[in-house]
Amino acid sequence: MTGERHISIMGLPSSGKTTFLAALWHMIRETGANTELSFDQLSEGNYEHLNALARRWRFGLIQQRTQVSGARAVTMRLKDTDGRKAEVSFPDLPGEDFSHMWERRELDKGMLETLKAPLVVLMINGDTIRMPAWVAEWTTLAKKMGSKPANKEIVEWKAEVAPTQVKVVDLLQMLMSGDLKIGGRRLALLISAWDKVEGEGLTPAQVLQSKLPLLNQYLQSGRDPWTWEVWGISAQGGQYEDPDKDENFAETEKLRDLERASDRIKVIEEACISSDITKPLKWLIG
Amino acid sequence: MATQQLTCDNADCNFASDGKCVEGYEIRECPHMESLSLDDIPEAEESRTPLVKPETTIALASGEALDRVDTSLLQRRNVSRSIGLIGPNDAGKTSLIAGVFDLFQMGAQAGAQFAGSSTLIGFERVCHLARVVSQISVPHTERTSRGAEPTFFHLDVHQEQIGLISVFISDRSGEDYLAANDQISQADQFFEIRRADCITLLVNGAQLADSKLRHEVKATTPQIVDALIEAGAIRRGCRLAIVLTKKDSVMASTNRDRVERDFDGLVASISRAHSASLGEVKSFVVAASPKETEHVTKGEGVADLLLYWLQPNIPVASISVGEFPEFERMIDLLTDTEGWK
C-alpha cells in the first residue's frame, strides 16, 4: 500500500457521496480515532472544501448539493496500521453527472480520468431505491381492497423513471466498455442511509439481493471483471437538519450528544458493525 | 491584401464629397486624413464563419434495441442463442420480450442469472406501459411498426454449470410475418428467422378464447410456419417453441377447455406437418404481461421458455427424418398449475 491511489466515488444524485467524504475527513483527523486507515499529513493541496464539509457534518447539518459544474478534486494522505502510506484522491462529482450518463448516453470528457480509476466506491441510497412495480399486481390489489384505479394521464417513457438497479447496472457496464474500459477493477458497493434500512433486519448482502436483485445478479455472474464487496453505511447515524428550513430534530440533537462525533457513523459488513468509515477504502487499496 | 480608403476627421472638410482638402493640403500631407482598412470594418453577422467548438462529450452506447450489424458483432463475443419470435400482430411478442427482462428484475430464474445487457434502454422502453410509473390502468405494449427492419434485444445469462450465454431476441412486426402467407417471397427478408437457434411461435390466447376469432387464429398460425418452411426461411433442425400467450385472458374465459383442445390441436398439426424439417417442438403457456394477477402470476411460464431458449440445438445429423418431433400436450403443461383447475 504505497504510492498514489485514485478512488472514484460514484452514485446517482442524493446517494450520500459528499456526506461520506465529510465523515471520512472528520474521522481520520479525529483525535484518538481507531481506524484501519488514518491521516498521515497535509499536502500542498487546498483543504478548504473538505474542512467545510466536515464542519457542516459535525454541526449535524445536511450537505449542500455538490455543484453541478465539474469535479472538485479531494486528496488525502493516509497510512495504514503498519505505517504504509498512500495518497488517495477522490473527485467529488455531482450525482447528476452519473444520471446523465444513463439518460443522455453521453459523458463529459472532463470525467474521463475520474471514471477510469481502478478503485471505485459506488454509493446507493438504501432509503430511496426505486423498485419496479407492475400495474397488474396493483390492479389486483386494488380490486381486493374494493377500490377502483384512478384514471390518470399516461406518463410517457423517459429514462429517468427507470428502476435504480437498471441505472446502476448500466453505469457499471459503461465503466467496463468503450473509452472507460481499463480491465479489472475493485468495487466497494456502499448502501447508504443504513439507519433507514436497518429496521428490516437484513445484512447489506441481503438488501442487495432483495432490493437490487438485477444488480446482485450482474455482479454475481462475473461477466465483467469486478472484484467487489458490499457494505451498509450510515455516515450521519440519523437525520440531519436543513438550516435553510429551520429544522430542529430531537434525533439530530441526540447525535450531537454522543461522546465523539464519529460515534454517529455505522459501517456494516455482514453481521459486524463498527464506526470505522475507512474499512471499505482499506479493502479497496489492499 | 487589405484595401484602403481615405477619410477626413475634420468636420468642416468636404473631402468625402468633393475630394478636396478644406485647409489646402495635398491629400497625402493632410494631418486629418486617415486611412481606413476594410479589415477594420466588422463583417455582417450572417457572413461570419461559425466557430467550431471542440467536442466536450463522449457518446456512450445508446442502450436501444440493436440493429443487424451490432447484433452480429456482439454475437461473436460469447456463446449465443438467437431467438426468432414470430406470430401475428397482437400475439404478444413485445410483451414477451418485456416479460423476460422483468423476470430478472425480480431475481434469478431457475439458476439462470442476469449477467448484463446492451439494450437496457430498449427493455425499459417496452416495459414502461406495464409499470405503475406510467400511470396506465391496463398494461399495454406498443405495437412494432410494420415494414421496419427487425431489432434485437440482448441479454447475457449466466448458469452455474454452463457459463455465459448471450441471448438475442428478434422483434419484427407481426404483420410482416402474416404477409408471408400472402406472398411467400416476403419470407426472403426474414434473416432473423434464418439465423435463429429457436423459433418461437406465439399463439394469442385471448383470441383463441374468443369464439369469433378462434378459427382465424387456428388457420393463420400454422400457415405462417408453413410459409416460412416452404420458403426455406427456417433452417433444418431448428427447435420450435409454440407459446400460448395471455394465459390470464384464457383463465378468465368460459372457453378455456376449448382453448386447451384448440392449442393442443395446433401444436400437434404443426409437429406432424413439419417433423422432417424441424428439431424438437415444445409448447409453453405464458402470462408475460397479464392485465391482473388474480388467476396467474406475472411472468408465469416465461422462465421455462427462457431455459428452453438457452438449450443448445440438437445436431442436424441426429434428427431422424420422418419421425414426429416430441411435443407436450397443453394439459400436461398445466397439471401442476393450481390456477387452471
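Here are three short exercises, each with a worked solution, on a predicted model.

Residues are numbered from 1 along each chain as written, and chains are lettered from A in the order in which they are written. Local features need pLDDT of at least 70, side-chain atom pairs count only at pLDDT 80 or more, totals for chains, interfaces and linings use all residues, and side-chain values use heavy atoms, without hydrogens and water.

**Exercise 1. Describe how helix 1 and helix 2 of chain A pack.**

Step 1. Two packed helices are described by the angle between their axes and the distance between the axes. Axes are lines fitted to C-alpha atoms, for helices over the stretch in contact, with angles from 0 to 180 degrees between N-to-C directions. Helices are DSSP runs (H or I, at least four residues) and strands are E runs of at least two, numbered from the N terminus.

Step 2. Find helix 1 (residues 17–29) and helix 2 (residues 48–59) of chain A: their axes lie 8 Å apart, at an angle of about 90°.

Step 3. The two helices of chain A are therefore roughly perpendicular to each other (65 to 115 degrees).

Step 4. Now look for the residues in contact (heavy atoms within 4.5 Å). Helix 1 of chain A contributes residues including Leu21(A) and Trp25(A), while helix 2 of chain A offers, among them, Leu53(A) and Trp57(A).

**Exercise 2. Find a salt bridge that links distant parts of chain A.**

Step 1. Recall the rule: a side-chain nitrogen of Lys or Arg lies within 4 Å of a carboxyl oxygen of Asp or Glu. Over all chains, the structure holds 26 salt bridges.

Step 2. Go to Arg260(A) and Glu30(A), whose closest N and O atoms are 3.4 Å apart.

Step 3. Place each residue: Arg260(A) is in the loop between helix 10 (250–257) and strand 9 (266–269), and Glu30(A) is in the loop between helix 1 and strand 2 (37–39) of chain A. The two are 230 residues apart.

**Exercise 3. Describe the interface of chain B and chain A.**

Step 1. Start with the residues: chain B gives 49 to the contact and chain A gives 44.

Step 2. Add the buried area (accessible area, 1.4 Å probe, that two parts lose on being put together, summed over both). About 4100 Å² is buried between the chains, and carbon and sulfur atoms give 62% of this.

Step 3. Finish with the salt bridges: the rule finds three across the interface. Lys143(A) and Glu294(B) form a salt bridge through their side chains, at 3.6 Å from N to O.

Terms used
Parallel < 35°, antiparallel > 145°, perpendicular 65-115°, else oblique.
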